[in-house]
Amino acid sequence: MTKTYNLASKEPVYALKNINMTLNPGELVAIIGTSGSGKSTLLRMLGCIDSPSSGTYTLNGKDMATMNDQSLANYRNQEIGFIMQDFALIDYYSVKKNILLPLMYEKKKELKKQRKKELLPLLEKLSIAEKINSKVTDLSGGQKQRVAIARALINDPEILLADEPTGALDEQTTAEIMAIFKQLNKEGKTIIIVTHDMQVANQCNRILRMQDGHLAEAE
Ligand SMILES: Nc1ncnc2c1ncn2[C@@H]1O[C@H](COP(=O)(O)OP(=O)(O)OP(=O)(O)O)[C@@H](O)[C@H]1O
Ligand SMILES: [Mg+2]
């Protein structure tokens, strides 16, 4: 697939050029590459936040271009969890409220109830149970990222996509967050991590390198 950004009065930006890739369920993959090489663009395509300019993206056997906006939004909400470098939490909400946010769109009452029951075990698993009622502003970076991971997991998605999830964290906290990702991967989640940190990339089972919009498997 390709992705071209056409900006008014500017040259088009060819952010992704002929990307051809297959990800298998249960993989733990790192995407590396210099700034501007297209990593975040690729992650957005994989997460169906954005659609390719040409080519197709098939997820679980389904061509994503055939889905309408509503079913795509539902699919994304159920099957894909996003984790960002800056955590993307709502600062003035409590930890609990942030994590339960994705359930707002859940129409099935029974499922919603069931998911809510998962909140505490999830927080315990991520070692932030005692912070359940804290405001996000009172947390450390590592704690904030755990909250973001909990929010990404609340709907029990199949895929986790993380864009430089440890970019704002120190070495020790990075190791802790990576231990969480590796554990989740062991439990069956497919995880894709964009990173500049080779220590992070080397803990993944496969490394993809983006280079000026092209994709290469790292040697
Ligand atoms: N919404 C957009 N509109 C126009 N151009 C964009 C847009 N998003 C990204 N680009 C361009 O596409 C190219 C790839 O950007 P992308 O954000 O994917 O890079 P990246 O590898 O994630 O970089 P970084 O490591 O700095 O986050 C860049 O040239 C960027 O300027
Ligand atoms: Mg980026």
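In this predicted model, lysine 39 reaches toward ligand 1: an N or O atom of the lysine 39 side chain sits 2.7 Å from an oxygen atom of the ligand. Serine 40 does much the same job of pairing up, with a polar side-chain atom 2.8 Å from an oxygen atom of ligand 1. Then there's histidine 196, where a polar side-chain atom is found 3.4 Å from a ligand 1 oxygen. Zooming out a bit, 15 residues surround ligand 1, and the ones that come nearest are Ser35, Gly36, Lys39, Ser40 and Thr41.

Now for a pair of helices. Helix α6 covers residues 141-153 and helix α7 covers residues 171-186; their axes are 10 Å apart and meet at an angle of about 15 degrees. Angles under 35 degrees count as roughly parallel, so α6 runs roughly parallel to α7. The crossing of α6 past α7 is right-handed.

Which residues in α6 and α7 meet? From α6 come Gly142, Gln145, Arg146, Ile149 and Leu153, while α7 brings Thr173, Glu176, Ile177, Ile180, Phe181 and Leu184. Sorted by class, this contact is made up of 6 nonpolar, 3 polar and 2 charged residues.

How values were computed. Residues numbered from 1 in each chain as written. Chains lettered and ligands numbered in written order. Predicted model: local features only at pLDDT ≥ 70, side-chain atom pairs only at ≥ 80, totals over all residues. Heavy atoms only, no water. Axes fitted to C-alpha atoms, helices over the stretch in contact; angles between N-to-C directions. Helix = DSSP H or I, 4+ residues; strand = E, 2+ residues; numbered from the N terminus. Parallel < 35°, antiparallel > 145°, perpendicular 65-115°, else oblique. Left-handed = near helix turned anticlockwise from the far one by under 90°. Contact = heavy atoms within 4.5 Å. Nonpolar A, V, L, I, M, F, W, Y, C, P; charged D, E, K, R; others polar. Near = heavy atom within 4 Å. Polar contact = N/O pair within 3.5 Å; in protein donor to acceptor, adjacent residues only side chain to side chain.
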